[in-house]
Structures are given as C-alpha cells and as structure tokens.
Amino acid sequence: MHDNFEDHDESIEYEIEVETDADVQAIPDDGLVLARDILPSRLPIIPLRPRPAFPGVIIPLTVNGEARVRTIKHAMETESQAIGLVMVKELDEEDSTTNLQKVGVAAKILKLIHTDKESAHVLVNSLERFSIEEVHEVNDVIYTDVTYFLSTIYSDNPELKAYSMAIISTLKELVQINPLYSEEIKLFLGRTSMDDPARLTDFAANLTNADGFELQDVLETFDIHRRIDKVLVLLKKELEVSRLQTKISQQIEEKISKQQREFFLREQFKAIKKELGLEKEGKVSEIEKYQERLKTLTLNEEAQKAVDEEIEKLQLIEPSSPEYNVSRNYLDWLTILPWGKFSKDSYDLKRARRVLDRDHYGLDDVKERILEFIAVGKMKGDISGSILCLVGPPGVGKTSIGKSIADTLKRKFYRFSVGGMRDEAEIKGHRRTYIGAMPGKAIQAMKSAGTANPVLMLDEIDKIGASFQGDPASALLEVLDPEQNGSFRDHYLDVPFDLSNVLFIATANQLDTIPAPLLDRMEVIRLSGYILEEKLEIARRYLIPKALKSHGMTRAQIGISKSTIADIVDRYAREAGVRGLENKIKKIMRKAAMEFAEGREEKIQVIKRDIEHYLGKPIFAEEELIKDSPGVVTGLAWTRLGGATLQIEATAMKSKGKGFKQTGQLGKVMVESSEIAYSYVMGHLDKYKIPEDYFDSHFIHLHVPAGATPKDGPSAGITMTTALLSMIMNKPVRKKLGMTGELSLTGRVLPIGGVKEKTIAARRAGLTTLIFPADNKKDYDELPDYLRAGIEVHFVKDYRDVFKLAFSVK
C-alpha cells in the first residue's frame with residue numbers, strides 16, 4: 001500500500017484470520033487481559049517511512065538492512081514477540097535514536113514470511129499507541145522505554161456514535177467511487193466492530209493517502225473527539241481527490257473511446273471506398289500523383305534516373321517508416337520544379353517603353369539601358385546568362401524597376417533578400433541527411449515562379465554576410481555564373497538543374513561591399529536619385545494617388561498643391577529617393593483622415609502655411625546650405641544614400657607657433673586631403689599674396705560639419721584649399737558655388753566619381769555654379785539635359801583655375 005508496506009493476497013488474508021484467532025484473543029467479558037500485561041515496557045523499534053502505523057491494523061511489513069533484520073529476529077525470540085513501529089522525523093536522514101517521532105504503535109509479529117541477511121518480510125498486528133520515554137541503542141538495534149495509551153471502550157455515547165456514523169457514511173461514498181477500499185473494509189469488519197469509534201477512527205485514518213506527517217498528528221491525538229475531527233477532514237480530502245481522479249479517468253476514457261470509434265469508422269470508410277474503387281491506398285495515390293506530374297515535365301537524364309529510383313524505393317517502404325516521409329518529400333520537390341517549362345518572352349520595344357514610362361518617371365538613362373538590353377535579346381533570340389545589378393540609394397525604385405522588367409518581358413517575377421544571410425545552405429540547400437532539410441533559395445524561387453525562365457531579384461546583395469557556417473556570397477557565384485548555372489546542383493536535390501535561362505537582377509546601395517568575383521559577373525546599372533522636378537511629378541503621378549487609395553480617401557476630399565509638394569521636398573525630404581517624401585504624404589493623409597473621422601465634411605486643401613501643422617517643424621532650413629562668409633566653402637560629396645552638399649569651414653587663431661587641426665569625424669583619406677591642402681597653401685604663399693610668416697603665428701582649424709557623421713574620400717581637396725585661402729584672405733567665395741576635385745601637392749586637380757549624384761545634390765541645394773575636374777567632362781556630358789539646365793559648370797586642370805573662379809579673379 002505504501003513504500004515499506006506490501007499488499008498481501010487472499011491466502012495471506014486467510015492466514016491472518018487464523019493467526020488472529022489463535023494469538024490475539026478477544027477480550028472476554030470477565031477477567032480482562034490488559035495490554036500492559038502482555039506488552040513489554042521496553043520495545044525494539046522499527047523506524048517507518050513515509051507514514052506511521054495505526055492500532056488495530058494488520059500490516060505486511062518489509063524491513064531492509066542488517067540492523068533492522070536483527071531487530072526482527074530479536075523480537076521473535078521474546079515471549080511477547082512485540083516490536084515498536086515509529087515514524088521518523090526526517091525522511092531523508094538515516095535511522096538513529098534522535099530521528100524518531102515521540103509517539104508510535106506497539107505491534108505483535110504474527111508471521112515471519114521471509115528473511116535473509118539484508119531483508120525480512122513479516123506480518124504484524126498493530127495493537128496500542130505508546131509514547132517514548134527513553135531511547136537506547138545496542139549493536140545498532142534501537143530500544144525504547146515506552147508508556148502505553150490503552151484504548152478505551154466507549155459504549156452508548158450518542159455524540160461518538162454520531163461521529164462514527166459520519167465516518168461510516170464517508171467510507172461508503174469512498175467505496176462507491178473506488179471499489180478497492182471495500183476489501184480493506186471487509187478485512188477490518190472481520191476483526192473489529194463498527195461500534196468502536198477509536199478503532200474505527202484509526203482504521204479510517206490508515207485508509208487515506210494523506211501526508212505522513214498529517215497521519216502522525218492523528219496518531220499523537222489521544223483525545224477521541226479531536227482525533228475524529230481530524231480524521232473526518234482527511235476523509236473529506238480523500239473523497240474529493242477520489243472524485244477528481246474518477247472525473248479525469250472518465251474524461252480520458254471518453255476521449256480514447258471517441259478516438260477509437262473515429263479510427264474504426266475511418267478505416268471502415270476507407271475499406272468501403274476501396275471496394276467501390278473510389279479511393280486507392282495512400283502510397284499508391286502518392287506515386288500516381290508524382291507520375292502524373294512527370295508527364296508535363298522534361299527532366300534531364302540524371303534527374304529522371306533519380307526520380308525512377310526514388311519511386312521504386314517508395315514502393316518498398318512502409319508508410320509508417322521514418323524513411324517514407326523523407327523519400328516522399330524528396331519526390332515532391334523533384335516533381336514540382338518546372339523542368340522544361342518556359343514562359344514565352346516578349347521583345348516588343350514599344351510595349352517595353354510604355355511599361356517603363358507607366359511605372360517610373362525620370363530615370364531616362366536607366367530606361368535606355370534596359371531597352372538596349374531587351375533589344376539585344378530580340379536580336380539574339382534570348383537573354384539567358386544576363387545578370388543586372390541595380391545600384392543606388394534607398395527609395396529610388398530599384399525593386400519596382402525589376403518588376404517592370406519582368407512585366408516587359410512577360411516573365412514571372414520572384415524576389416528574395418540576401419541581406420544579412422550568413423549560411424551557405426540558404427543558397428545551396430541542406431543535405432537530405434538532416435532533419436527538416438530543404439532546398440536553397442534558388443530552387444525554392446524556381447518552385448514559386450513555376451517556370452524555368454523567371455526574373456529573380458536578389459535584394460540587398462551588398463549586405464550579404466559570412467560566418468562559420470559558410471560564405472553565401474561564394475555560393476552565389478555558382479548560381480550567377482552563366483558558365484556554371486546551366487547545371488546548378490543543390491545540396492538537397494543532388495541533381496543538376498538548369499538556371500541558365502533565369503534573368504537575375506541584383507540590387508545594392510553601394511558596390512564597395514560586394515565581393516569582387518561576384519561583382520565581376522554582373523552588369524551594373526546606376527540609379528542616382530531624383531531632382532526636385534522629378535520628385536514633384538512622382539508625387540503627383542504615383543505617391544499621392546497611392547496614399548489616397550491606402551487611406552480610403554479621394555481627390556474630392558483632399559488636395560495638395562504643386563508648390564506645397566516642392567516645399568515638402570525642400571524642407572522635409574531632401575534624400576535621393578522618394579521614400580521619405582512618400583512617408584510625409586502618408587502623414588498628411590493620416591491627419592486628414594482624423595479630421596474627416598471627427599465630422600469634417602468640406603475638402604481639405606493643403607497649402608504652404610499648413611505644412612507645419614501636418615508635418616511639424618522643418619527638418620532642413622535654407623540657411624544651413626550656403627553661408628556667404630570667409631572660410632566657408634560648399635563642397636559636393638557622394639554617399640551611399642546619394643549625392644550631398646558638404647560645407648567646409650576654416651578658421652585661424654593667433655599663436656606662438658604654427659599648428660593645424662581637423663575635426664568632423666574625418667576618415668584617413670580625407671585627413672590626408674586636408675594635409676595636402678595645408679601644405680599646398682604653405683608652399684604657394686607668394687602666388688596668393690599671403691604674408692610669409694602667417695602660418696608661423698597662427699593655429700589653423702579645419703572643420704567639416706556635421707561632426708557626428710563619418711566622412712571620407714579624396715574629392716574635397718580643392719574645397720579644403722579654397723576654404724583655407726578664403727579664411728586667410730578674409731574674402732568669401734562667389735555665391736551659390738559648389739566644387740569637387742582631388743588636389744595633388746603640385747596643384748593638379750584629379751578626377752573624382754559620382755558626377756551625376758553630385759550634380760543632383762547641387763541642384764537640390766540651389767547651387768548655380770559648379771567646378772569639376774577637367775577629366776570628368778565626359779561624365780558630365782552624358783548627363784541628361786534636364787539635369788544640366790540652369791547650371792554653369794567649369795572644368796579645371798590646375799588649382800589656379802579654381803582660385804580664379806572661386807574669387808572672381810581675372
């Protein structure tokens with residue numbers, strides 16, 4: 001029943017009755033034999049775990065350990081054959097004289113069932129409570145001097161009789177819920193009358209599964225009234241637990257019965273459908289599905305062989321086998337890929353131009369490159385082996401151009417981002433030996449596209465990573481290389497798949513972080529950004545209609561004038577792309593929607609003075625761009641977000657010696673440019689009529705705002721030199737002038753990059769005069785007319801030409 005109590009079978013119960021009749025005589029009406037006369041005052045002790053014993057209960061007892069076996073044998077040798085059963089104080093501690101409760105039960109050994117050196121099995125009849133007076137230990141056998149608390153016979157006590165009836169009533173309920181209790185109750189009735197409340201109480205306590213220490217508390221309660229109260233509480237708890245267990249068991253049985261019933265019905269339904277020819281076995285239908293798919297596909301020889309072998313293997317595997325699902329998934333991938341399926345390309349240049357003009361405003365040079373690309377495809381008959389790389393700042397329309405190319409060619413379009421990708425398996429797939437293995441992105445894209453010649457866009461290719469799991473950029477080489485991708489072998493498929501008909505379009509913000517071998521395989525098309533006029537048209541044609549639709553409004557409810565959009569572009573959205581402008585328009589739409597939701601009915605017309613109400617304070621201010629003061633010169637810079645203007649400031653402080661300092665978080669190359677500018681000016685003092693001792697008595701400080709933004713590159717050389725000369729001469733440069741160019745120590749002006757981006761930045765800032773290196777004239781001449789209109793550009797070879805232009809010197 002418990003840890004060191006053993007259940008006994010019916011034969012033992014029979015022996016118990018015999019032993020009880022022979023050894024534990026009923027107390028006669030005359031000449032009582034008291035427990036004190038047959039139980040000794042010193043008892044050998046058996047410590048109990050995890051619960052105590054109660055008087056009037058026959059217990060099959062198992063003891064372990066040499067010391068406890070000796071205790072049993074010693075007790076058997078005595079005339080009374082009595083032992084003391086005492087629960088321990090701490091369950092986890094070893095048996096000792098100090099680890100015993102103060103109250104236990106004296107018991108008579110009825111039968112020694114089995115014994116050996118290490119263990120003994122005995123049947124004992126517990127008789128009376130006792131309290132421990134003194135504890136002794138002799139040869140590891142614990143003895144105690146005890147005082148007995150003898151049972152009192154209660155007769156005709158109405159209150160106790162009521163208590164007894166309450167216990168009996170609870171026991172009846174327990175028997176109804178759990179029939180296992182009935183056997184123990186029958187055994188108890190064979191030895192004791194229900195009219196004895198003390199014995200009934202002890203028996204009921206022993207029957208419960210209460211905590212051992214709660215039961216010990218009952219054992220130590222000598223007052224019969226208080227003992228019955230405690231036992232009734234334990235019985236009620238036992239009753240509630242039994243009810244809960246029964247409820248849970250019933251729920252589980254009902255659930256299992258329902259599942260079994262559904263299972264049998266499903267199996268019968270399958271059998272009926274199979275007999276009627278309405279359904280085939282799962283494995284057969286799977287194989288037929290794959291064979292049906294293969295009829296529309298044109299697999300290469302190796303792939304066909306792999307499919308045939310896998311189908312043959314699947315026929316031999318049982319569906320319950322783990323290998324079945326692996327084989328089925330592999331076949332599913334092999335037969336769902338578009339082997340030999342091609343969409344028909346369209347090389348209609350008029351339609352292509354119409355689609356590009358419909359979807360994009362401006363970007364004439366980019367459109368021309370795309371049309372040339374399509375024209376070559378028309379002449380050649382296909383455009384296989386082509387990889388385009390669209391490079392430009394965020395928001396200039398790289399992804400949408402990719403979609404337009406797919407629309408122009410009438411091909412399927414699929415896009416996935418490789419930015420932040422660090423695992424080679426994401427490109428080339430996992431080997432099938434791994435749990436949850438699947439093909440790489442390239443093969444997944446082919447499945448989603450459904451044709452073998454889609455347009456696949458690899459977004460953010462400049463942000464691809466690398467880790468201990470491999471280098472995805474190197475894995476992309478096989479995907480993009482026209483010499484290799486005709487037989488691309490994914491780790492999962494392990495058969496060659498032809499990617500040579502795919503048109504790959506990559507997008508990037510900059511080329512510096514793209515690995516050189518990967519960049520070498522791509523044709524780069526640059527998208528430099530938009531000027532004010534282009535942004536106005538984009539907002540009018542695309543952004544405002546899109547925002548109106550997404551916010552549930554119409555042009556009849558809200559209008560934004562052209563001058564308002566121009567002001568938003570100039571003061572809130574000066575970036576190269578149009579994403580910032582789109583967000584500002586959405587913000588206006590949200591605030592307008594709020595007004596209409598609150599009850600407004602008349603149309604909202606957003607004009608210049610309303611902009612701050614909708615968008616808050618301006619982000620950019622006009623006075624930040626150009627300052628007509630000595631020592632301040634506007635330079636032109638290229639960033640990965642597009643072109644930008646850069647003001648360079650110089651100042652001088654009187655000092656006892658020369659010195660030069662640069663600030664503005666300049667990179668190494670830019671610091672070198674500033675030192676070249678400083679050395680150039682020092683070496684040509686006489687040319688620019690500067691006192692020879694000027695640098696000996698001044699500390700020069702060169703600063704490039706904003707200080708929190710990192711800057712680097714050689715193209716600010718002539719700008720820094722001009723800022724130093726403007727500061728020394730105390731003469732500002734001509735108004736609305738911008739310049740860019742690398743300077744050598746001899747005064748030569750060297751070429752730079754990003755001419756288009758810098759020209760756009762100059763137009764955005766309102767500059768009307770620009771100075772470029774002479775070697776960049778060819779780049780400038782390629783710019784469209786609308787970018788060059790209204791700008792006076794000078795091309796210089798030597799810094800002396802820059803000086804004359806900046807300070808209007810003839």
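This passage describes a parallel sheet, its covering helices, several salt bridges, a nonpolar surface patch and some backbone features in a predicted model.

The sheet is open and consists of five strands, arranged in the order β8-β9-β12-β7-β13 with parallel pairing. Its edges are formed by β8 (413-417) and β13 (523-526), each of which pairs on one side only. From one strand to the next, the twist averages 20°.

Strand β7 (residues 387-391) has partners on two sides. It runs parallel to β13, to which it is joined by four bridges. With β12, β7 pairs in the parallel sense over five bridges. Individual residues show how the strands are aligned. Leu 388 is placed opposite Glu 523 of β13. Val 391 faces Ala 508 in β12, and the bridge partner of Val 391 in β13 is Arg 526.

β7 is mostly covered, five of its five residues being buried. In a regular strand, side chains alternate between the two faces of the sheet. In β7, Ile 387, Cys 389 and Val 391 point one way, while Leu 388 and Leu 390 point the other way; all of these residues are buried.

Two helices lie across parts of the sheet. Helix α13 (residues 364-380) lies across β7, β12 (503-508) and β13, and runs at about 150° to β13. Helix α16 (residues 441-449) lies across β8 and β9 (455-459), and runs at about 150° to β8.

The edge strand β8 is also linked to β9 through side chains. Arg 415 and Asp 459 form a salt bridge with an N to O distance of 2.5 Å. Because Arg 415 belongs to strand β8 and Asp 459 to strand β9, this pair ties together parts that are 44 residues apart in sequence. The two residues differ in burial: Arg 415 counts as partly exposed because its relative accessibility is 40%, between the limits of 20% and 50%, whereas Asp 459, at 5%, counts as buried because it falls under 20%.

Side chains of opposite charge can pair when their charged atoms come close. The count of salt bridges in the model comes to 42. One of these is formed by Arg 489 and Glu 302, whose closest N and O atoms are 2.8 Å apart. This pair links distant parts of the chain, with Arg 489 in strand β10 and Glu 302 in helix α10 (residues 301-316), 187 residues apart. Arg 489 has a relative accessible area of 31% and is therefore partly exposed. Glu 302 also counts as partly exposed, at 34% relative accessibility.

A salt bridge within one helix is found between Asp 781 and Lys 777, with an N to O distance of 3.2 Å. Both residues lie in helix α26 (residues 777-781), four residues apart, or about one turn of the helix. Asp 781 is partly exposed at 38% relative accessibility, and Lys 777 is partly exposed with a relative accessible area of 40%. Elsewhere, a network of salt bridges links Arg 351, Arg 358, Asp 359 and Asp 407.

On the surface, Leu 244, Ile 248, Ile 252 and Ile 256 make a nonpolar patch of about 350 Å². Ile 256 is located in helix α8 (residues 224-276). With a relative accessibility of 40%, Ile 256 counts as partly exposed.

Some backbone features concern loops. Most residues other than glycine have a negative phi, and most peptide bonds are trans. The peptide bond from Arg 49 to Pro 50, however, is cis, with omega near -5°. Pro 50 is in the loop between β1 (42-48) and β2 (58-64).

Positive phi values occur at Asp 494 and Asn 730, neither of which is glycine. For Asp 494, phi is near 60°. This residue is found in the loop between β10 (488-489) and β11 (496-497), and Asp 494 is partly exposed, with a relative accessible area of 42%. For Asn 730, phi is near 55°. Asn 730 is in the loop between α24 (717-729) and β20 (737-739). At 59% relative accessibility, Asn 730 counts as exposed because this value is over 50%.

Technical notes:
Residues numbered from 1 in each chain as written. Predicted model: local features only at pLDDT ≥ 70, side-chain atom pairs only at ≥ 80, totals over all residues. Heavy atoms only, no water. Pairing = 2+ DSSP bridges. Axes fitted to C-alpha atoms, helices over the stretch in contact; angles between N-to-C directions. Contact = heavy atoms within 4.5 Å. Patch = residues over 30% accessible without salt bridge, like charges linked within 9 Å, V, L, I, M, F, W, Y side chains within 5 Å. Areas by Shrake-Rupley, 256 points an atom, 1.4 Å probe, with all protein chains shown as cover. Salt bridge = Lys/Arg side-chain N within 4 Å of Asp/Glu carboxyl O. Buried < 20%, exposed > 50% of the residue type's maximum accessible area, 1.4 Å probe, protein only.
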